[in-house]
Amino acid sequence: GTGTRVYKSLRNVGLEGSQYGDDRALSAISTFEWDGTPLVATGSWSSTIKIWDGSSPQLDLVGTTELAHEDRIMGIAVQNVNGVAMCATASIDLLGKLWKIEKSEDSMTDDTGALKYSITEMAVLKGHAARLCRTAFHPMGQHV
């Protein structure tokens, strides 16, 4: 499927990508394809979510949000939910969060160097008694 194609295109740059992915350790990764472009979502110990262009050998940064959580992100998953790219994150801060990934308005109008994708918080999943270490979408895409 899509994940296998993205993985095959990235398997030669995995180590290079992890060397410059964030100031702190990358702790979560998810691959997905959006509008025909293979993308990679990463979560890190600095609580940052980043979106990378998987079609470029150097994994160009195309989207980011800093301080997505109050502590380390330990799990990340991306799924197409009714035509919307949704990202779920799991963190040591006892929270799960849902994010919408979409094309940035600025990136569609000019070449200012603006990032191509924006990441917007959509929901906070509270009430967990212990830290969250992983997350995944149900195969049908309607449940996390």
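1. Read from start to end of the sequence, the protein follows the pattern α-α-β-β-β-β-β-β-β-β. The secondary structure thus listed comes to two helices and eight strands. Helices (H or I, at least four residues) and strands (E, at least two) are DSSP runs, numbered from the N terminus.

2. The model is predicted: local features need pLDDT of at least 70, side-chain atom pairs count only at pLDDT 80 or more, and totals for chains, interfaces and linings use all residues. Residues are numbered from 1 along each chain as its sequence is written, and side-chain values use heavy atoms, with hydrogens and water left out.

3. Of the 144 residues of the protein, 42% count as buried. Buried means under 20% relative accessible area, exposed over 50%, and partly exposed in between (1.4 Å probe, protein chains only). The protein exposes about 8200 Å², and carbon and sulfur atoms supply 49% of this area. Accessible areas come from the Shrake-Rupley method with a 1.4 Å probe; for residues, only the protein chains shown count as cover. Among the contacts with a separation of 6 or more, 46% are accounted for by residues 24 or more positions apart. Contact means heavy atoms within 4.5 Å.

4. One open sheet has four strands in the order 1-2-3-4, with antiparallel pairing. Strand 1 (26-34) and strand 4 stand at the edges, each with a single partner strand, so one side of each is left without a neighbour in the sheet. The twist averages 20 degrees from one strand to the next. Two strands pair if DSSP finds at least two bridges between them. Axes are lines fitted to C-alpha atoms, for helices over the stretch in contact, and angles run from 0 to 180 degrees between N-to-C directions.

5. Within this sheet, four bridges join strand 3 to strand 4, and the two run antiparallel. One residue to locate is Ile 51, whose bridge partner in strand 4 is Gly 63. Trp 52 also lies in strand 3, and the C-alpha atoms of Trp 52 and Gly 63, 11 residues apart along the chain, are separated by 6.9 Å.

6. Is Trp 52 buried or exposed? Trp 52 counts as buried because its relative accessibility is 7%. Leaving aside residues up to four places away in sequence, the residues that Trp 52 touches include Tyr 20, Pro 38, Val 40, Leu 59 and Val 62.

7. Leu 59 is found in the loop between strand 3 (49-53) and strand 4 (61-65). Its phi is near 50 degrees, a positive value in a residue other than glycine. Leu 59 counts as buried because its relative accessibility is 10%.

8. A second open sheet is formed by four strands in the order 5-6-7-8, again with antiparallel pairing. Its edge strands are strand 5 and strand 8 (117-125), each of which pairs on one side only. Neighbouring strands of this sheet are turned by 25 degrees against each other on average, direction ignored. Eight bridges join strand 5 to strand 6; in strand 6, Ser 91 is the bridge partner of Ile 73.

9. Asn 82 lies in the loop between strand 5 (73-81) and strand 6 (84-91). Phi of Asn 82 is near 55 degrees, a positive value in a residue other than glycine. Asn 82 counts as exposed because its relative accessibility is 67%.

10. Arg 72 lies over the face of Trp 45, at 5.3 Å from the ring centre. A charge sits over a ring if NZ of Lys or CZ of Arg is within 6 Å of the ring centre and within 35 degrees of the ring normal.
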